[in-house]
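Visitor: I'd like a close look at one part of this protein: helix H5 and whatever it touches or borders. Could you walk me through that part and then show me how the rest fits around it?

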Amino acid sequence: MGWSKQLGKDSRGSRPRCVLLVDGDKEEAAARLTQLVGVDDVEVTPSDIWMPFGKPVRNGDGGWDTTPADEVELDKPTDLVSHTISECLKDWWLAVSENDPRTPNWDIASTCTVQGEKGLLLVEAKAHWNEVKGSSSGKRLRAPASDNTIENHEKIGRAIEEAAAGLRSATGGGWNISRDSHYQLSNRFAWSWKLASLGVPVVLVYLGFLYATDIAKGGNLFHSQDHWERVVKGHCEGVVDNSCWGTRLDVSGVPLLPLIRAIRQPFQYGEG
């Protein structure tokens with residue numbers, strides 16, 4: 001059984017391609033991430049840290065260690081942000097942290113240098129249209145919901161509203177990110193804004209993998225950078241100020257740079 005099958009329901013499409021993007025020699029992986037961003041004063045070096053950091057590894061007993069391929073929640077302890085920052089993120093997003101409620105997972109998160117300052121590269125990746133279409137809904141509150149779940153649901157709504165106000169202030173544009181529609185898109189920009197407001201420069205990349213034939217055919221695939229840009233901006237219409245893409249947003253003096261990028265990452269399903 002190949003390494004990609006260890007990713008479970010995410011064994012095709014964007015997830016294994018993200019793993020391949022950061023797998024292998026650190027110098028080569030850092031160069032790939034730097035090239036992905038493609039901005040002169042943003043760099044990922046071999047001394048930076050990224051998650052995931054590689055393919056699942058087969059153990060001596062025949063089992064698999066999937067830790068290298070794990071996605072990251074930035075409010076959890078990692079080396080990507082300081083303990084103080086991760087606690088601030090948790091307190092901002094959650095009213096109750098009992099039972100370890102899930103917070104947004106990032107396809108790739110990496111430390112980097114932005115204009116000479118330590119920052120974060122955050123990547124949201126898609127490999128076919130259904131991955132985009134499926135992210136248009138709001139955050140559900142399934143019944144019966146516990147008091148803790150309801151409190152967290154309300155807190156998340158307030159956090160995203162705060163981020164929307166902050167982004168409107170930073171850009172002068174229209175921002176309608178919300179808990180109740182396009183939740184994934186909304187939380188990506190909300191967390192990016194919050195990190196910048198805490199003094200962490202952020203590069204947010206919406207990444208389209210081209211010609212992901214293992215998961216979809218024909219019109220469901222992304223064919224070029226221009227095609228992917230049209231998909232992203234169509235998805236964002238009325239939610240995100242589409243003039244933000246490729247523009248350095250100033251969040252109280254800290255840069256937030258949203259980018260749209262597309263690459264071809266070859267992958268064979270089930271490969272070892």
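Guide: Before we start, one cut-off will come in handy: a residue counts as exposed when its relative accessible area is over 50%. Also keep in mind that what you see is a predicted model.

Let's come in through the loop that leads to H5. Gly134 sits in the loop between helix H4 (129–133) and H5. Its relative accessibility is 57%, so Gly134 counts as exposed. If you pick out the C-alpha atoms of Gly134 and Ser86, you'll find them 28 Å apart, with the two positions 48 residues apart along the chain. The loop between H4 and H5 also holds Pro144, and here there's a little surprise: the peptide bond joining Ala143 and Pro144 is cis, with omega at about -5 degrees.

Now for the helix itself. Two packed helices are described by the angle between their axes and the distance between the axes. H5 covers residues 147–171, and helix H3 (residues 83–93) packs with it at an angle of about 110 degrees, the axes being 7 Å apart. The two helices are therefore roughly perpendicular to each other. On the H3 side, the contact is made by Asp91, Trp92 and Trp93, while H5 brings Asn152, Lys155, Ile156, Ala159, Ile160 and Glu162. Sort the residues of this contact by class and you get five nonpolar, one polar and three charged.

H5 has a part in the largest pocket too. That pocket holds about 1,400 Å³ of space. It is lined by 41 residues, and the closest to its centre are Arg102, Thr103, Asn105, Tyr183 and Gln184. Helix H1 (14–22), strand E8 (117–126), H5 and helix H6 (183–197) are the elements that give two or more residues to the lining. The largest share comes from H5, with five residues. By class, the pocket lining has 10 nonpolar, 16 polar and 15 charged residues.

Since H1 also turned up in that lining, follow it for a moment. H1 packs against helix H2 (residues 26–37) at an angle of about 115 degrees, and their axes are 7 Å apart. Leu20, Leu21 and Val22 of H1 meet Ala29, Arg32, Leu33 and Leu36 of H2. This contact has six nonpolar residues, no polar ones and one charged.

Go back to H3 and step into the loop between H3 and strand E6 (105–106), where you'll find Asn99. Asn99 has a positive phi of about 70 degrees, although it is not a glycine. With 72% relative accessibility, Asn99 counts as exposed.

What about enclosed space? There is one cavity of 30 Å³ or more, and the largest cavity has a volume of about 50 Å³. Lys126, Val132, Ser135, Tyr206, Trp228, Val231, Val232, His235 and Cys236 line it. Helix H7 (residues 225–236) gives the most to this lining, with five residues. By class, the cavity lining has six nonpolar, two polar and one charged residues.

Two more spots are worth a click. Met51 and Pro52 are joined by a cis peptide bond, with omega at about -5 degrees, and Pro52 is in the loop between strand E2 (50–51) and strand E3 (57–58). Ser252, in the loop between strand E10 (249–251) and strand E11 (254–263), has a positive phi near 50 degrees. Its relative accessible area is 75%, so Ser252 is exposed.

Conventions:
Residues are numbered from 1 along each chain as its sequence is written. This is a predicted model: local features need pLDDT of at least 70, side-chain atom pairs count only at pLDDT 80 or more; totals for chains, interfaces and linings use all residues. Side-chain values use heavy atoms; hydrogens and water are left out. Axes are lines fitted to C-alpha atoms, for helices over the stretch in contact, and angles run from 0 to 180 degrees between N-to-C directions. Helices (H or I, at least four residues) and strands (E, at least two) are DSSP runs, numbered from the N terminus. Angles under 35 degrees count as roughly parallel, over 145 as roughly antiparallel, 65 to 115 as roughly perpendicular and the rest as oblique. Contact means heavy atoms within 4.5 Å. Ala, Val, Leu, Ile, Met, Phe, Trp, Tyr, Cys and Pro count as nonpolar, Asp, Glu, Lys and Arg as charged, and the others, Gly among them, as polar. On a 1 Å grid over the protein atoms alone, a cavity is a set of points where a 1.4 Å probe fits but cannot get out, and a pocket is an open set with protein on both sides within 12 Å along at least five of seven lines; lining residues have an atom within 4 Å of a point. Grid points are joined across faces, edges and corners, and a volume is the space filled by probe spheres set on the points. Buried means under 20% relative accessible area, exposed over 50%, partly exposed in between (1.4 Å probe, protein chains only).
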